[in-house]
Amino acid sequence: MRVVVQRCKHASVTVNEEIVGQIGKGLMVLVGVTHTDTIEDAKYLAGKVAGIRIFEDEQGKMNLGLQDIGGEVLSVSQFTLYGDCRKGKRPGFSDAARPEVATPIYEAFNEALCSLGVGVETGIFGADMDVSLTNWGPVTLIIDSPAAKN
């Protein structure tokens, strides 16, 4: 399992010209699931996201987490995080989990964030989404679950 975390001032996701999720200060999180991922991977990454300290304190150091700043998460599923671009010009997506595998793991990730006290907004799994954000910093991190293959 892989997440791309972007610190943001605000973010939103739109489907069919309707905003379906939006946040103010917090984290925009793109979530990719592969075939071998489990609910435990989802819980692990939710803990990492909920606890990551990438917001600046009064001394300008990245010492604060989401709860310290009253931030939220906008979680968007993105199978293309497992796109393989090593051969040819067209990415291969055979490492991305099919929706019947990925959906419950993505949902478990969001539920685990909520259980940790984090406010979560989402896109719509499998929909054609327009994502907008103001990346704050910019700060962008990629976090893989311990079992993720390289």
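This report walks through the salt bridges, one loop residue and the cysteines of a predicted model.

## Salt bridges

Let's start with the charged pairs. There are four salt bridges in the structure, and three of them are described here, beginning with Arg2 and Asp144. Their side chains come together with an N to O distance of 2.8 Å. Arg2 belongs to strand β1 (residues 2-15) and Asp144 to strand β8 (residues 130-144), so this salt bridge ties together parts of the chain that are 142 residues apart in sequence. As for solvent, Arg2 counts as buried, at 17% relative accessibility, while Asp144 comes out at 28% and is partly exposed. The 17% for Arg2 falls under the 20% cut-off, which is why the residue gets the buried label.

Next up is Arg86, which pairs with Asp84; here the closest N and O atoms are 2.7 Å apart. Arg86 is exposed, with 69% relative accessibility, whereas its partner Asp84 is partly exposed at 27%. Then there's Glu100 with Arg98, where the closest N and O atoms sit 3.9 Å apart. That still makes the list because the cut-off for a salt bridge is 4 Å. Both ends of this pair are out in the open: Glu100 is exposed at 57%, and Arg98 is exposed at 54%.

## Gln78 and its loop

Now for a residue in a loop. Gln78 is found between β6 (72-77) and α3 (99-115), and with 26% relative accessibility it's partly exposed.

Who does Gln78 touch? Setting aside neighbours within four places in sequence, Gln78 makes contact with Leu30, Val31 and Gly32. Val33 is worth a look too: its C-alpha atom is 8.1 Å from that of Gln78, though the two residues are 45 apart along the chain.

## Cysteines

How many disulfides does the structure hold? The count is zero. Take Cys114, which is in no disulfide: the nearest cysteine sulfur belongs to Cys8 and is 16 Å away. A disulfide calls for sulfur atoms within 2.5 Å, so the Cys114 and Cys8 pair doesn't qualify.

On accessibility, Cys114 is partly exposed, with a relative accessible area of 44%. Cys85, on the other hand, counts as exposed at 58%. The cut-off for exposed is over 50%, so Cys85 gets that label, while Cys114 at 44% stays in the partly exposed class.

How values were computed
Residues numbered from 1 in each chain as written. Predicted model: local features only at pLDDT ≥ 70, side-chain atom pairs only at ≥ 80, totals over all residues. Heavy atoms only, no water. Helix = DSSP H or I, 4+ residues; strand = E, 2+ residues; numbered from the N terminus. Buried < 20%, exposed > 50% of the residue type's maximum accessible area, 1.4 Å probe, protein only. Contact = heavy atoms within 4.5 Å.
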